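Colleague: I have a model open and would like to learn how to read its strands and helices. Could you walk me through it?

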Amino acid sequence: MPDAVVIGAGPNGLVAANLLADAGWSVQVLEEQPEPGGAVRHDRGVHPDFVSDVFSSFYPLAAASPVLSALRLEDEGLRWSHAPHVLAHPLTDGRCAVLDRRIDVTAESAEAFAPGDGAAWRRLFELWQTLRPGLLSGLFTPFPPVKASVRLLRTLHTAGGLRTARSLVLPVRRMGEEEFRGEGGRLLLAGNALHADLGPESAGSGGFGWLMSMLGQTYGFPVPAGGSGALTDALVRRLRRRGGEVRCGQRVQRVVVGGGRAVGVRTAAGEMVPARRAVLADVAVPALYRDLVGAEHLPAQLLDDLRRFQWDFATFKVDWALDGPVPWRAEQARRAGTVHLADGVDELTRFAAQIAMRQVPDRPFLLFGQMTLADPSRSPAGTEAAWAYTHLPHDVRADAGDEGIRGDWGPVDQERMADRMERQVERFAPGFRSLIRARRILAPPTLEALDANLPGGAINGGTTALHQQLVLRPVPGTGRPETPVAGLFLASAGAHPGGGVHGAPGANAARAALRARRSPGLAGAQRVLTRRDRTGRRPH
């Protein structure tokens, strides 16, 4: 009998398993898919000569994560690779904003849009340098991050106090207008905010866009050499060297609860896998509570709160094998690993508004990846392994492009949407479509079929909006990995601090499990604090 069973071999589940193994626990990881990795996998499914990342590709949060750095995955063979530029945001008139790890290059790009904007970018970077230690500590530790918060408050006071706090909760459109005279800096902030489901008018999108921009400025957007699955391989190798076990093709159907405590899991094949100490779930929040645990073991208030749980946007992705480099009109985009495609902040607002109205956008904002540029091992010399993804509403009511896309994502919808994305690329890179040797379409249902933690193609474990963050994530009054069921810990992106490949939810869950076993009295108090009767009232 293992000490712990981990449900899901995504990065968070594997991080949790590694930390438990480091503490001397025996660990068994059960994964539904035929291979580990969750949304961190690659294959040769587009063309046999091309390595394509199936889901995620660029990992600034992994580069910044103290959780992953402490695992020393370089000792397991992991190597990182960078494109010459981190990011480019071209416009159809040929101008282009550039984010580069060299601050002088980024500042020069911003300055080209308006005098003084280079200095404005440097000021934002100086603010980041001041806040970075406390901010990253708070981001990657369990909520509430008491020590990190004290440290952050002290530095925030010296960095402008309430005025800085105000700036970070601004919508990114307003933040860009206050900080920059020209479009360049504004584009970098706004495009980075839309890596999540935060449009230019969303509260807090300024802070998120600034955070992602400064991560890129400091760490770049690195990729694992050889494919995204190299990160997964390193985590699995490390775990197995410490005695951990990863079993694939094992779908967990139920968390087994006995005496108010998680005592193991049951698989779809009927196998009971007991856990001596804990069950950790790298599982989407609604699926964990509604399907794996069940209402009979949960407080009424939690079940009610789950009705208000909000997913992030749906995702539609296309992978390409290209016969040559992308012919970007803007020369700077030819050296950037990530390229944002929208013709200005107004077009980003239009895109986000169409999603809010449940329309398929007619000019989709694309995040475009040039993987061979970032890692030459991905495809033969002179070619490019590329991809792009865009966001969509989950419940499609109309097609803003008037092409009859209905949102059922059958073959007709898929082809029409992929063609629309290619036309969007052509606006900035005329001749792009003539280079396509092969393409693969990953519509929202396809992404979910490949990883059940991506329902409808939602890739961040729930919205990044302020109303579902910190103590409100995944539902109000939580924010920690402990659950109402003793011995069961939430280890997925549904927990604080949320989506991205950084391992923090898994690490927080592992530490909570270790702490609970060391302090049975504390674990008992946690059960009392989280238990409610069926009417939703706390017991006396």
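Colleague: How many bridges join strand 11 and strand 12, and in which sense do they pair?

Modeller: Keep in mind that this is a predicted model. Strand 11, residues 261-267, pairs with strand 12 through three bridges, in the antiparallel sense. To find the spot on screen, look for glycine 264, which has proline 274 of strand 12 opposite.

Colleague: Which strands make up the whole sheet, and in what order?

Modeller: The sheet is open and has three strands, ordered 10-11-12, with antiparallel pairing. Strand 10 (252-258) and strand 12 (272-274) are at the edges with a single partner strand each, so one side of each has no neighbour in the sheet. From one strand to the next, the twist averages 30°.

Colleague: Now the helices, please. What describes two packed helices?

Modeller: Two values do the job: the angle between the axes and the distance between the axes. Here, take helix 8 (residues 172-179) and helix 9 (residues 183-193): they pack at about 160°, and their axes are 9 Å apart. Angles over 145 degrees count as roughly antiparallel, so helix 8 is roughly antiparallel to helix 9. The crossing of helix 8 and helix 9 is right-handed.

Colleague: Which residues make the contact between them?

Modeller: Helix 8 contributes Val172, Met175, Gly176 and Glu177, while helix 9 contributes Arg186, Leu189, Ala190 and Ala193. By character, the residues in this contact of helix 8 with helix 9 are five nonpolar, one polar and two charged.

Definitions and conventions: Residues numbered from 1 in each chain as written. Predicted model: local features only at pLDDT ≥ 70, side-chain atom pairs only at ≥ 80, totals over all residues. Heavy atoms only, no water. Pairing = 2+ DSSP bridges. Helix = DSSP H or I, 4+ residues; strand = E, 2+ residues; numbered from the N terminus. Axes fitted to C-alpha atoms, helices over the stretch in contact; angles between N-to-C directions. Parallel < 35°, antiparallel > 145°, perpendicular 65-115°, else oblique. Left-handed = near helix turned anticlockwise from the far one by under 90°. Contact = heavy atoms within 4.5 Å. Nonpolar A, V, L, I, M, F, W, Y, C, P; charged D, E, K, R; others polar.
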